[in-house]
Amino acid sequence: LDPEAPLLELPCGSLPEAVTLAGFLKTAGTLEVPALAVDGECTLAAYYPRAALRAGSAPRRISVRPGTWARIRKPEDASRAQERLWDSLPRESDGYIARFDRGLSIALSKRLIALPITPNQLTTLGLAVGLLGAALLAQPSYPLCVLGAFLLWSCCILDGCDGEVARLKLLDSPAGARFDALADNAVHLAVFLAIPAHVLAAHPGAQVLPPALALLSGFLLSAFWTWRLILRRPGRNPLHRVLERVASRDFLYLVLLLALARRLDWFLWAAAAGSHLFWAALLAAELLPSGKRQA
């Protein structure tokens with residue numbers, strides 16, 4: 001090891017909550033001496049700002065909240081720790097509808113972690129499924145359109161799996177998160193191109209160009225302001241959290257329902273207006289008084 005590199009020691013048979021470990025590291029990182037995470041008299045972890053300090057220097061003891069650091073001694077302890085891992089997988093940014101498919105994605109992720117598959121490979125698979133679904137959604141044929149909508153719903157499940165597998169295998173990274181965001185936006189753009197194409201093919205002579213241009217411009221503006229005002233920032237105000245959830249993959253459930261009902265033209269007109277209302281709401285949230293933004 002590089003003697004000047006920081007070093008974190010975790011004992012076998014223990015599993016901290018991510019928030020607890022992050023809090024310990026945040027506090028320990030401000031010290032120039034080693035730090036111990038302790039629960040009563042039990043030492044749970046040791047952090048050295050420089051590996052060379054492992055040989056000496058009296059450590060500082062930092063207490064952690066009881067019950068947030070599981071000690072695994074028996075098979076039933078391992079089962080409880082595993083359940084805690086599954087329970088930690090849902091994200092605060094999950095959409096209001098997409099929260100319900102977490103059960104499906106987690107069930108699939110439990111099996112995927114045993115395979116030699118990486119999160120980026122899952123993202124690539126989800127991107128391919130989503131683009132294929134959008135291509136089928138654009139077709140005038142009702143069975144192909146519905147099949148495309150179901151593939152897009154499957155893409156929602158895979159979109160949850162890549163992040164879950166990344167966290168379970170400790171393979172999450174900023175580059176992977178950027179790739180996931182780009183893949184999501186590529187699928188969303190493909191869907192917003194496919195729906196006007198389907199409406200025009202299924203209803204020749206329909207006035208598609210004005211709402212299609214409004215939808216595409218609204219999507220691009222929404223994607224830009226979501227990145228600029230939400231994704232680039234570590235904190236979220238309450239309105240930003242709501243809008244981030246709205247900007248998730250929830251709309252694909254509506255696409256599936258309207259495809260089944262043969263009414264994708266409704267989505268075209270509604271989303272043409274809604275996408276512009278969304279980015280306008282983002283800007284309105286940014287203009288709130290600073291005190292409210294920090295609520």
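**Notebook: helix α6 and its surroundings**

I started with burial: 39% of the chain's 295 residues count as buried. Note to self: this is a predicted model.

Next I looked up the surface. The chain exposes about 16100 Å², and carbon and sulfur atoms supply 65% of that area.

Then the secondary structure. I get 11 helices and 6 strands for the chain.

I also checked how far along the sequence the contacts reach. Among contacts with a separation of 6 or more, 74% are between residues 24 or more positions apart.

Now the helix pair I wanted. Helix α6 covers residues 174–202 and helix α10 covers residues 264–286. Their axes come within 9 Å and cross at roughly 130 degrees. That angle is neither over 145 nor in the 65 to 115 range, so α6 counts as oblique to α10. I noted the crossing of α6 and α10 as left-handed.

Which residues make the contact? From α6 I list Phe192, Ile195, Pro196, His198 and Val199; from α10 come Leu264, Asp265, Phe267 and Leu268. Sorted by class, the α6 and α10 contact has 7 nonpolar residues, 1 polar and 1 charged.

Last entry: Ala135, which sits in helix α4, residues 119–137. Is Ala135 buried or exposed? It is in between: its relative accessibility is 39%, so I wrote Ala135 down as partly exposed. I also looked up its spacing to Ala197. The two are 62 residues apart along the chain, and their C-alpha atoms are separated by 9.7 Å.

Note on methods
Residues numbered from 1 in each chain as written. Predicted model: local features only at pLDDT ≥ 70, side-chain atom pairs only at ≥ 80, totals over all residues. Heavy atoms only, no water. Axes fitted to C-alpha atoms, helices over the stretch in contact; angles between N-to-C directions. Helix = DSSP H or I, 4+ residues; strand = E, 2+ residues; numbered from the N terminus. Parallel < 35°, antiparallel > 145°, perpendicular 65-115°, else oblique. Left-handed = near helix turned anticlockwise from the far one by under 90°. Contact = heavy atoms within 4.5 Å. Nonpolar A, V, L, I, M, F, W, Y, C, P; charged D, E, K, R; others polar. Buried < 20%, exposed > 50% of the residue type's maximum accessible area, 1.4 Å probe, protein only. Areas by Shrake-Rupley, 256 points an atom, 1.4 Å probe, with all protein chains shown as cover.
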